[in-house]
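Me: I should like to learn how to read a structure of this kind. Could we begin with the terms and then turn to the case at hand?

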Amino acid sequence: MRPAGPVARLLWRALALVFVALGLLGAFLPVLPTVPFLLAAAWAAGRGWPALERRLLEHPRYGAYVRQWRRSGAVPRRAKWAATGMMALSSAVLLATAAPAAVKIGAPLLMAAVAIWLWRRPEN
């Protein structure tokens with residue numbers, strides 16, 4: 001990959017920071033996932049901020065997840081269960097709202113498709 005120009009590098013860094021901030025929020029809010037945002041942050045940092053990418057890959061708590069994803073697209077079983085549970089809970093809550101029928105049907109179908117994709121990922 002060719003080196004990015006200064007403007008592109010700045011935009012990649014800004015995107016990486018947005019993803020890191022969302023990941024940080026996810027560490028404290030149970031409804032917001034942390035690791036997917038850190039995966040995205042490492043991806044963006046790899047295009048414009050190698051030092052941040054390295055820090056994410058070497059992070060003591062989350063670095064292993066980022067490295068496993070990069071190596072084999074692996075998702076730990078515990079994360080699969082947590083994501084599936086949150087999607088099921090979100091679907092149940094959605095059904096209890098006054099949302100339009102298309103949303104009540106479409107969103108759970110989309111979440112089911114994501115769950116199927118997720119469970120087809122390797123675990124280590």
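Reply: Let us begin with exposure: a residue is buried under 20% relative accessible area, exposed over 50%, and partly exposed in between, using a 1.4 Å probe and protein chains only. Please note that this is a predicted model, in which local features need pLDDT of at least 70 and side-chain atom pairs count only at pLDDT 80 or more, while totals for chains, interfaces and linings use all residues. Residues are numbered from 1 along each chain as its sequence is written, and side-chain values use heavy atoms, with hydrogens and water left out.

Me: How many helices and strands does the protein chain have?

Reply: Helices (H or I, at least four residues) and strands (E, at least two) are DSSP runs, numbered from the N terminus. Here the protein chain contains 6 helices and 0 strands. Its domain assignment, where bounds come from an automatic or database assignment, gives domain 1 (6-72) and domain 2 (77-120). The centres of these two domains, taken over C-alpha atoms, are 25 Å apart.

Me: What share of the 124 residues is buried?

Reply: Buried residues account for 26% of the 124 residues in the protein chain. Helix α4 (residues 63-72) offers an example, with Gly-63, Val-66 and Gln-68 buried. Contact means heavy atoms within 4.5 Å, and the buried residues of α4 pack against α2 (35-48) and α3 (50-57). Just after α4, Gly-73 adopts a positive phi of about 70°.

Me: Which residues form salt bridges with Glu-53 and Glu-123?

Reply: Side chains of opposite charge can pair when their charged atoms come close. A salt bridge is a side-chain nitrogen of Lys or Arg within 4 Å of a carboxyl oxygen of Asp or Glu. The whole structure holds 3 of them. In one, Arg-70 meets Glu-53, with the closest N and O atoms 2.7 Å apart. This pair links distant parts of the chain, since Arg-70 is in helix α4 and Glu-53 in helix α3, 17 residues apart. Arg-70 is partly exposed at a relative accessible area of 40%, whereas Glu-53 is buried at 18%.

Arg-77 also forms a salt bridge, with Glu-123 (2.9 Å, N to O). Arg-77 lies in helix α5 and Glu-123 in the segment after α6, so the pair ties together parts that are 46 residues apart in sequence. Lys-80 forms a salt bridge with Glu-123 as well, its closest N and O atoms being 3.4 Å apart. Arg-77, Lys-80 and Glu-123 are thus linked in a network of salt bridges.

Me: Is Lys-80 buried or exposed?

Reply: Lys-80 is buried, with a relative accessible area of 1%. Its partner Glu-123 is partly exposed at 27%.

Me: How many aromatic pairs does a search of the whole structure find?

Reply: Rings of Phe, Tyr and Trp (its six-membered ring) pair if their centres lie within 6.5 Å; planes under 30 degrees apart count as stacked, over 60 as edge-to-face and the rest as tilted. The search finds 4 aromatic pairs.

Me: Why is the pair of Trp-12 and Trp-43 edge-to-face?

Reply: The ring centres of Trp-12 and Trp-43 are 5.2 Å apart and the planes stand at 90°, so the pair is edge-to-face. Trp-12 belongs to helix α1 (residues 6-28) and Trp-43 to helix α2, 31 residues apart. At 25% relative accessibility, Trp-12 counts as partly exposed. Trp-81 and Trp-119 also form an edge-to-face pair, at 5.0 Å centre to centre and 75° between the planes.
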